[in-house]
Amino acid sequence: MKKVGFFQSVRLKLIVVYILLLLLGIQVIGAYFVDRLETQLTNNYTSSVQGQLNSLAFSLQSAFNTERNEDTTTLAADAQGLINDFGSGNEDIRKLQVIDSNPNIIASISRDQDDQSVIGKKVTDLRITKVFLFGDPTEPKEMLDETNERVYVGSKPIADETGNEVLGVLYYEVYMSDIYKQLQAINSIFTKGTFLAIAVTALLGILVARTITRPLTQMKKQAQIMATGDFSQKVDVKGNDEIGQLGITFNDLNDKLKLAQATTEGERRKLSSVLSNMSDGVIATDRLGAIILMNAPASKLIGQSFEEVQGQSLVDVLDLNDQIEDIAEVEEAGSMIIDLSNEDTHLLLKANFSVVQDENNEMNGFISVISDVTEQQRVEKERREFVSNVSHELRTPLTTMRSYIEALNDGAWQDPEIAPRFLGVTQNETDRMIRLVNDLLQLTKMDHKETSLMKERVEFVSFFDNIVDRFEMNKDEKMNFIRSMSNKSMYVWMDKDKITQVLDNIISNAIKYSPEGGTIRFAAQSTKKQLRVSVTDEGIGMPADTVDKIFDRFYRVDKSRAREMGGTGLGLAIAREMIEAHHGKIWAESQEGKGTTVHFTLPLMNQKRRGQS
């Protein structure tokens with residue numbers, strides 16, 4: 001995570017806000033204080049000036065009301081003397097003028113111009129004229145002179161003793177610079193105090209902001225640690241205020257996240273274990289059908305690793321383009337059989353599809369469970385073929401019997417020549433069906449492991465010779481038997497009746513399919529820890545592509561000839577089941593027109609077991 005700079009931090013923002021609030025308060029207070037101070041100073045100053053001017057006006061009134069003769073001083077001299085005394089030592093006086101009723105200036109003092117130059121001049125100022133007319137003083141005003149200094153300007157009437165007649169006017173202009181100098185000095189002090197307060201406030205703001213941001217910084221660091229999956233550390237809570245409560249809540253969140261992660265991790269491991277140990281393949285996709293998850297069995301079934309198919313469309317990976325046009329159709333399909341066979345292997349997969357929904361019950365993806373049903377389909381096909389073959393094998397003799405019985409019912413039973421022959425055929429067909437049913441019952445028992453083997457220790461060479469002797473006594477004189485037996489004794493742990501049935505079936509087939517005057521060869525040899533038995537005939541043989549099928553149920557190379565010989569088509573299938581029950585193996589080798597050899601193996605007993613026996 002990018003580190004937050006000081007100028008972007010909450011600490012600086014708190015300090016700035018703190019200072020701005022202080023400045024706002026200081027400015028509001030300062031503005032109010034300066035305004036009130038200015039008003040107060042101005043009022044005090046003007047009151048003082050008005051008091052002094054009133055005294056001067058009273059003195060001038062006495063001078064105006066004094067009777068004059070040749071021996072007394074003139075009014076102008078007295079007025080000039082009064083304003084000179086008033087203005088001496090008072091630096092705030094800018095201009096004082098005494099105006100008689102004519103109206104002429106009779107006395108004047110001024111700092112900016114010659115006093116005597118204006119003596120005797122007539123005054124035309126409207127404000128002074130109003131004083132003579134109405135007898136009221138003009139309202140004093142603050143004005144700016146030529147040098148932009150503030151001046152307090154006004155005029156007062158000089159009345160007679162009765163106060164009814166205005167004898168003259170006192171015009172005054174007084175500087176107010178002292179007031180504003182005091183205000184300027186106060187503002188300067190206030191400004192310095194403001195900067196000092198800001199400095200102290202900034203320092204305090206840093207300390208206060210640090211106390212606020214330190215827990216937040218710790219929480220940020222803890223959140224970064226939590227993001228890595230480490231929930232072992234906690235925030236140090238040092239108070240019970242809002243930040244302290246936030247720290248407590250953060251620690252509670254840490255505990256809950258730790259528990260949730262442990263639960264999630266446990267569930268993930270369980271799911272991973274389930275997916276890894278499932279015999280079926282599982283493929284998960286997003287809502288667009290792109291593969292996002294696949295377990296090992298699925299990789300094995302489709303022959304591609306997850307890295308190879310990640311992000312690819314499920315429709316393309318499972319080759320569903322011929323069955324569906326869009327991934328959304330798999331929801332309606334539910335399940336389907338997928339043929340992934342090639343030239344080397346036959347592979348059929350069954351895919352079951354289910355929809356994954358999000359918290360809003362909207363489609364968020366698909367889960368596909370695939371399983372190998374090649375063997376299941378093969379067994380189902382064999383079952384159907386088996387039922388068809390059984391039906392066919394039973395229908396043929398039943399049809400024959402029905403025909404002969406109908407002929408007998410129609411009167412053939414009275415014919416001494418036909419009746420015995422028809423009854424003989426019916427009996428043969430009945431015997432054939434009985435053999436077929438018995439073979440089926442035996443296969444059924446072996447399929448369900450209901451046939452128990454009565455095993456015993458048997459010396460196989462002598463056992464094999466006895467069986468060959470039995471067939472040799474009943475063979476055609478032109479048929480030759482050649483034996484190639486081992487000279488040493490070979491002991492086998494086996495069920496004699498079951499192996500006798502196997503050998504009877506193999507030898508009977510060899511005799512059936514051997515031509516007149518043919519030779520049948522018998523061999524029994526040991527190979528490592530196994531006994532290998534072979535029976536070879538010189539019969540019609542069979543094509544190479546049919547050799548492995550002769551052990552299938554109801555399979556015949558020459559069906560018409562086999563049926564004429566009374567075969568059920570189950571003998572070699574029963575032989576295979578019996579040999580495999582003895583932990584052996586049976587197979588055939590054949591060449592068309594040159595005969596067939598049937599081999600089977602049985603495990604030999606070792607010396608230790610012989611001694612125990």
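This passage walks through a predicted model of a protein, from its overall make-up down to a few single residues.

Starting with the big picture, the protein has 613 residues, and 36% of them are buried. Its secondary structure comes to 16 helices and 17 strands. About 37200 Å² of the protein is exposed, with carbon and sulfur atoms supplying 52% of that area. As for how the chain meets itself, take the contacts between residues at least 6 apart in sequence: 59% of these join residues at least 24 apart.

How far the model can be trusted varies along the chain. The mean pLDDT of the protein is 80, and 89% of the residues reach 70 or more. Confidence peaks in strand β15 (residues 530-536), where the mean is 93, and bottoms out in helix α16 (residues 607-612), where the mean is 46. Residues 608-613 have a pLDDT below 50, and this stretch makes eight contacts in the model beyond its near neighbours in sequence. Another stretch, residues 559-566, stays under 50 as well, and the model gives it 13 contacts beyond four places in sequence. Where pLDDT is low, the predicted coordinates should not be read in detail.

Next come the strands. Five of them make up an open sheet, in the order β7-β6-β10-β9-β8, and the pairing is antiparallel. The edges are taken by β7 (291-294) and β8 (335-339); each has a single partner strand, so one side of each is left without a neighbour in the sheet. Going from one strand to the next, the twist averages 25°. Inside this sheet, β9 (residues 348-357) and β10 (residues 363-372) run antiparallel and are joined by nine bridges. One residue pair shows how they line up: N352 has V369 of β10 as its bridge partner.

Earlier in the sequence, there is a hairpin made by β3 and β4, with five residues between the two strands. In the turn, N148 takes a positive phi of about 65°. Strand β3 (residues 141-144) pairs with strand β4 (residues 150-159) through four bridges, in the antiparallel sense. Here E142 is matched with Y152 of β4 as its bridge partner.

Helix α3 (residues 126-134) has something to show at both ends. At its start, a side-chain oxygen of D125 comes to within 3.0 Å of the backbone nitrogen of R127. Just after the helix, G135 has a positive phi of about 75°.

A few loop residues round things off. P103 sits in the loop between β1 (93-100) and β2 (105-110). The peptide bond leading into P103 from N102 is cis, with omega near 0°. Further along, H583 lies in the loop between α15 (571-581) and β16 (585-591). H583 is not a glycine, yet its phi is positive, at about 65°. With a relative accessibility of 62%, H583 counts as exposed, because the cut-off for that class is over 50%. I550, in the loop between β15 and α14 (559-564), gives the opposite case: its relative accessibility is 9%, so I550 counts as buried, which takes a value under 20%. The C-alpha atom of I550 is 7.9 Å from that of A573, a residue 23 places away along the chain.

Key
Residues are numbered from 1 along each chain as its sequence is written. Side-chain values use heavy atoms; hydrogens and water are left out. Two strands pair if DSSP finds at least two bridges between them. Axes are lines fitted to C-alpha atoms, for helices over the stretch in contact, and angles run from 0 to 180 degrees between N-to-C directions. Buried means under 20% relative accessible area, exposed over 50%, partly exposed in between (1.4 Å probe, protein chains only). Contact means heavy atoms within 4.5 Å. Accessible areas come from the Shrake-Rupley method with a 1.4 Å probe; for residues, only the protein chains shown count as cover. A polar contact is a pair of N or O atoms within 3.5 Å; within protein, one must be able to donate a hydrogen and the other to accept it, and residues adjacent in sequence count only if both atoms are side-chain atoms. pLDDT is the predictor's confidence in each residue, from 0 to 100.
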